[in-house]
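Student: I've just opened this one and don't know where to look. Can we walk through it together?

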Amino acid sequence: MSCKFSSSLSPSHNFPSFSVSATAGTCKLTWDHVLHISESKHVTQQDPSSYLQGYSHKVQLCNRGSDKQSEFLPFVIEGHVVGFIHNRFVEHLRRFNNVFVFTNDGGPVGDCVSLHPLLKTAEERTSAVAYVIEHLGEKYIPHIRNELYPVKSSFDKPTFFSLERAAAPYFGIKAYAIHMSGYVELDGEKHLWIAKRSHSKSTYPGLLDHLVAGGLPYGIDCRENVVKECEEEAGIPRSISIKAKPVGAISYMDIDGYRYQRYVVFSYDLILPESFEPKNEDGEVDSFKLIPVKHVAEVIRKTQFFKPNCAIGIIDFLFRHGYISPENHGYLDLLRSLIKGDCS
């Protein structure tokens, strides 16, 4: 799938006009483009009541397709709905009748998909579903990463089995992640470290990102995942990253074709030393830039330069640090929209 991202301003504003593709190797975004937007002194003539619309649009980009929910069947384990599978994708699973069963007996959740009752343990289920994913292959589940996500009914509940990360949206399971905003205070003004994704990334290559972000894989808690991702993505030592503060969560629910993404993202803030400079260790980041928060806010509001879910994570930061206030028309509507999905 190829998605286009561009500045949302009209050509009359004289800002750079270009597209960014989600396909690897085609992104043309540069830091010059970002700084041109963020530092521009141009003042637009607009109704103050529309100021937050640019932020609302970014939230909408992560919450598409609610009218398509009826196309998905519940994925049920031990009486708990753990996901949703598109009725056409279900057809690819029917030949694996020793792994999946399909019911239409009018039970509590109606027609649904579940695992074969002989698969009783988490290990047996993990192995059986992995076999299916291996045989479906990249044709039906692209970008397989060999990283497992826990499958639960909610965050604090037991894990029924573990599922390949790339397959998570095709089974509609609720996935969890951490996003960390790393910032510096210079002369009384907050500055955010922003990452620019590597052009070799399979998703959103070359777009802007949080300093640190990552899915929550099986077998690791949120804090240890923050420490791990800090080291890998930004070279932040444990002695600093362990000071990151949990500050809340956002959630979104996005349907795109057969993919049903249900994410809960735990937010962290970390004040970094003025002397610190991030250094990527895992090859997933092209470069970093320290930018005043008020300038980052304008890039979020006016463009689609950020990876979509990172944009809403930074909008959450703007709320927490007072860059969006109750005086802005639509304040409560925007705040509520940051928890669109099932935050459990």
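Tutor: Sure, and one term up front: a residue counts as buried if its relative accessible area is under 20%. Keep in mind that this is a predicted model.

Student: With that cut-off, are Phe 89 and Phe 171 buried or exposed?

Tutor: The test is a relative accessible area under 20%. Phe 89 passes it, and Phe 171 does too, so the word for both is buried.

Student: What kind of aromatic pair do Phe 89 and Phe 171 form?

Tutor: Look at the angle between the ring planes, which is 80°, with the centres 6.2 Å apart. Planes over 60 degrees apart get their own label. That makes the pair of Phe 89 and Phe 171 edge-to-face.

Student: How many residues apart in sequence are the parts that this pair ties together?

Tutor: Phe 89 lies in the loop between strand E4 (80-86) and helix H3 (90-93). Phe 171 belongs to helix H5 (residues 168-171), so the pair ties together parts separated in sequence by 82 residues.

Student: What about Phe 75 and Phe 100, what sort of pair is that?

Tutor: Their centres are 6.4 Å apart, with 55° between the planes. Stacked would need under 30 degrees and edge-to-face over 60. The pair of Phe 75 and Phe 100 is therefore in the remaining class, tilted.

Student: And which strands hold Phe 75 and Phe 100?

Tutor: The two residues are 25 apart along the chain. Phe 75 is in strand E3 (residues 72-77) and Phe 100 in strand E5 (residues 100-103), so go by the strand names: E3 and E5.Student: Where does E3 sit in its sheet, that is, what is the strand order?

Tutor: The sheet is open, has four strands and shows mixed pairing. E4 and E5 are its edge strands, each pairing on one side only. Reading across, the order is E4-E3-E6-E5.

Student: Which residue in E6 is the bridge partner of Phe 75?

Tutor: E3 pairs with strand E6 (residues 112-115) in the parallel sense, over two bridges. On the E6 side, the partner of Phe 75 is Val 113.

Student: Which helix gives the largest share of the largest nonpolar core?

Tutor: That core has 68 residues, and Phe 75, Phe 100, Phe 171 and Ile 315 have the most contacts inside it. Seven of its residues come from one helix, the largest share: helix H9 (residues 308-320).

Student: Last one: the charged end of which residue sits over the ring of Phe 102?

Tutor: Look 4.5 Å from the centre of that ring. The charged end there belongs to Arg 94.

Terms used:
Residues numbered from 1 in each chain as written. Predicted model: local features only at pLDDT ≥ 70, side-chain atom pairs only at ≥ 80, totals over all residues. Heavy atoms only, no water. Phe/Tyr/Trp six-rings, centres within 6.5 Å; stacked < 30°, edge-to-face > 60°. Buried < 20%, exposed > 50% of the residue type's maximum accessible area, 1.4 Å probe, protein only. Lys NZ or Arg CZ within 6 Å of the ring centre and 35° of its normal. Core = buried A, V, L, I, M, F, W, Y, C linked by side-chain atoms within 4.5 Å. Pairing = 2+ DSSP bridges.
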